[in-house]
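Here is a short briefing for a reader who is new to this structure. Look over the sequence and the model first, then work through the points by topic.

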Amino acid sequence: MPEVVSAGERHGISSSSPFEEVESALCFGGTQLTLAHDSSVTGTRMRLSVYLPPAAKSGPVPVVYYLSGLTCTEENFTVKAGAQRMAAETGLMIVAPDTSPRGDGVANAPDYDLGQGAGFYVDSVMEPWSKHFKMYSYVSEELPALIAENFPVKTEAVGIFGHSMGGHGALTLALRHPELFKSVSAFAPIVAPSQVPWGRKAFSAYLGPDEASWQEHDACHLLRERSFSSQILVDQGDADPFLEEQLQTWRLVAVLKETGQSAKVRMQHGYDHSYFFIATFIDDHLRHHARILKAL
């Protein structure tokens with residue numbers, strides 16, 4: 001009888017890997033995986049998707065992390081964005097984690113913008129959230145280390161991007177960890193969460209009443225204190241129903257002009273906040289990351 005191996009093992013995931021293969025599928029010559037593992041940071045079972053491009057079969061490849069928005073899991077981007085074709089063409093591995101810890105015993109709220117599905121990529125210090133809601137450390141420390149240990153990635157060529165709440169996470173994590181993330185982009189990001197209802201609600205719950213502590217998770221504030229080594233790409237639809245109240249892209253544009261940070265902010269006429277918007281411009285974002293990361 002021939003030996004039967006999983007898709008993960010075919011791409012170098014050993015049987016001793018901490019990742020459990022939930023699903024796998026061949027896609028544009030590469031492999032789309034859904035994985036699960038026990039996180040020591042969140043204290044929960046975490047799920048993520050990983051796209052391995054064909055180039056990963058022959059050696060290490062650059063990797064980009066995608067952070068999703070409110071209410072999403074790892075599945076939304078994986079099945080709706082249409083990223084795999086361009087990832088295969090550019091030789092990029094894509095890792096898309098869930099947006100929060102989940103499960104029995106994990107704190108939650110009845111509102112869509114707090115609790116499970118709404119981790120906001122911060123480490124909570126307030127009860128009842130502080131036990132599990134540690135998405136900042138999960139994305140900046142634990143997950144990249146596990147990916148580097150178990151997949152053929154170029155650890156010097158790592159990027160990050162995201163949508164809405166995940167766009168906020170991508171911008172702030174890149175600005176705070178330039179030693180790890182060398183490229184960054186965002187779709188419709190919450191650029192100044194300390195100034196808008198979504199962010200103020202989440203930061204009050206997770207970080208507490210001291211608004212000074214919120215600034216370390218606010219991209220507009222961070223850009224006044226530090227720069228990013230490569231160009232930042234942001235796409236925003238001008239028909240986005242959240243633009244005026246929650247996203248306020250004009251704040252980011254003002255800070256970029258003030259600081260001189262290299263960036264391209266594109267207002268896309270007629271586009272909304274949906275994955276139809278993301279799918280339209282995903283190729284541009286992956287080319288942006290590939291151009292920067294493959295030059296390293």
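The points below cover strands, helices, aromatic rings and a few single residues.

This is a predicted model. Strand E6 spans residues 153-163 and is mostly covered. Helix H9 spans residues 249-259 and turns its buried residues to one face. Aromatic rings form 16 pairs.

**Strand E6 and its partners**

- Eight of the 11 residues in E6 are buried.
- E6 runs parallel to strand E4, residues 61-67, and six bridges join the two.
- In that pairing, Val-61 stands opposite Val-153 of E6.
- E6 also pairs with strand E7, residues 183-187, in the parallel sense. Five bridges connect E6 and E7.
- Gly-159 sits opposite Ser-183 of E7.
- Helix H5, residues 165-176, joins E6 and E7 in a β-α-β unit. The unit is right-handed.

**Strand E3 and its partners**

- Strand E3 covers residues 45-52, and six of its eight residues are buried, so the rest of the structure largely encloses this strand.
- Strand E2, residues 30-38, pairs with E3 in the antiparallel sense. Eight bridges link E2 and E3.
- Thr-31 stands opposite Leu-52 of E3.
- E2 and E3 form a hairpin with six residues between the strands. In this hairpin, Gly-43 has a positive phi near 70°.
- E3 also pairs with E5, again in the antiparallel sense, over four bridges.
- Leu-48 has Pro-97 as its bridge partner in E5.

**Helix H9**

- Which residues of H9 are buried? They are Thr-249, Leu-252, Val-255 and Leu-256.
- Seen down the axis of H9, these buried residues fall within an arc of 120°, so they line one face of the helix.
- Trp-250, Lys-257 and Glu-258 lie on the other side of H9 and are exposed.
- The buried residues of H9 pack against two helices, H7 (219-225) and H8 (243-247). They also pack against strands E8 (232-237) and E9 (263-268).
- Gly-260 follows H9 and has a positive phi, near 80°.

**Aromatic rings**

- The count of aromatic pairs comes to 16.
- The ring centres of Trp-129 and Phe-133 are 5.3 Å apart and their planes lie at 85°, so this pair is edge-to-face.
- Trp-129 and Phe-133 are both buried.
- Phe-277 and Phe-281 make an edge-to-face pair, with 5.9 Å from centre to centre and 65° between the planes.
- Both Phe-277 and Phe-281 lie in helix H10, residues 275-293. They are four residues apart, about one turn of the helix.
- Phe-277 is buried at 0% relative accessible area. Phe-281 is buried at 11%.
- Ring pairs link a cluster that includes Phe-277 and Phe-281. Its other members are Tyr-66, Phe-77, Phe-161, Phe-187 and Tyr-271.

**Glu-74**

- Glu-74 lies in helix H2, residues 74-80.
- Is Glu-74 buried or exposed? Its relative accessibility is 6%, so it counts as buried.
- The side chains of Glu-74 and Arg-47 make a polar contact at 3.1 Å.
- Beyond four places in sequence, Glu-74 touches several residues, among them Thr-34, Leu-48, Ser-49 and Asp-98.

**Thr-99**

- Thr-99 belongs to the loop between strand E5 (93-97) and helix H4 (135-150).
- Thr-99 is buried, with a relative accessible area of 0%.
- Its side chain reaches the backbone oxygen of Cys-72 at 2.6 Å.
- Leaving aside neighbours within four places in sequence, Thr-99 contacts residues including Ser-68, Gly-69, Tyr-121, Met-135 and Met-165.

**Lys-201**

- Lys-201 is placed in helix H6, residues 197-207.
- Its relative accessibility is 29%, so Lys-201 counts as partly exposed.
- Lys-201 and Asp-113 are 88 residues apart along the chain, and 8.2 Å separates their C-alpha atoms.
- Apart from neighbours within four places in sequence, Lys-201 is in contact with Asp-111, Asp-113 and Leu-114.

Conventions:
Residues are numbered from 1 along each chain as its sequence is written. Side-chain values use heavy atoms; hydrogens and water are left out. Buried means under 20% relative accessible area, exposed over 50%, partly exposed in between (1.4 Å probe, protein chains only). Two strands pair if DSSP finds at least two bridges between them. A crossover is right-handed if, with the strands pointing away from the viewer, the path from the first strand over the helix to the second runs clockwise. The arc is that of the directions from the helix axis to the C-beta atoms. Contact means heavy atoms within 4.5 Å. Rings of Phe, Tyr and Trp (its six-membered ring) pair if their centres lie within 6.5 Å; planes under 30 degrees apart count as stacked, over 60 as edge-to-face and the rest as tilted. A polar contact is a pair of N or O atoms within 3.5 Å; within protein, one must be able to donate a hydrogen and the other to accept it, and residues adjacent in sequence count only if both atoms are side-chain atoms.
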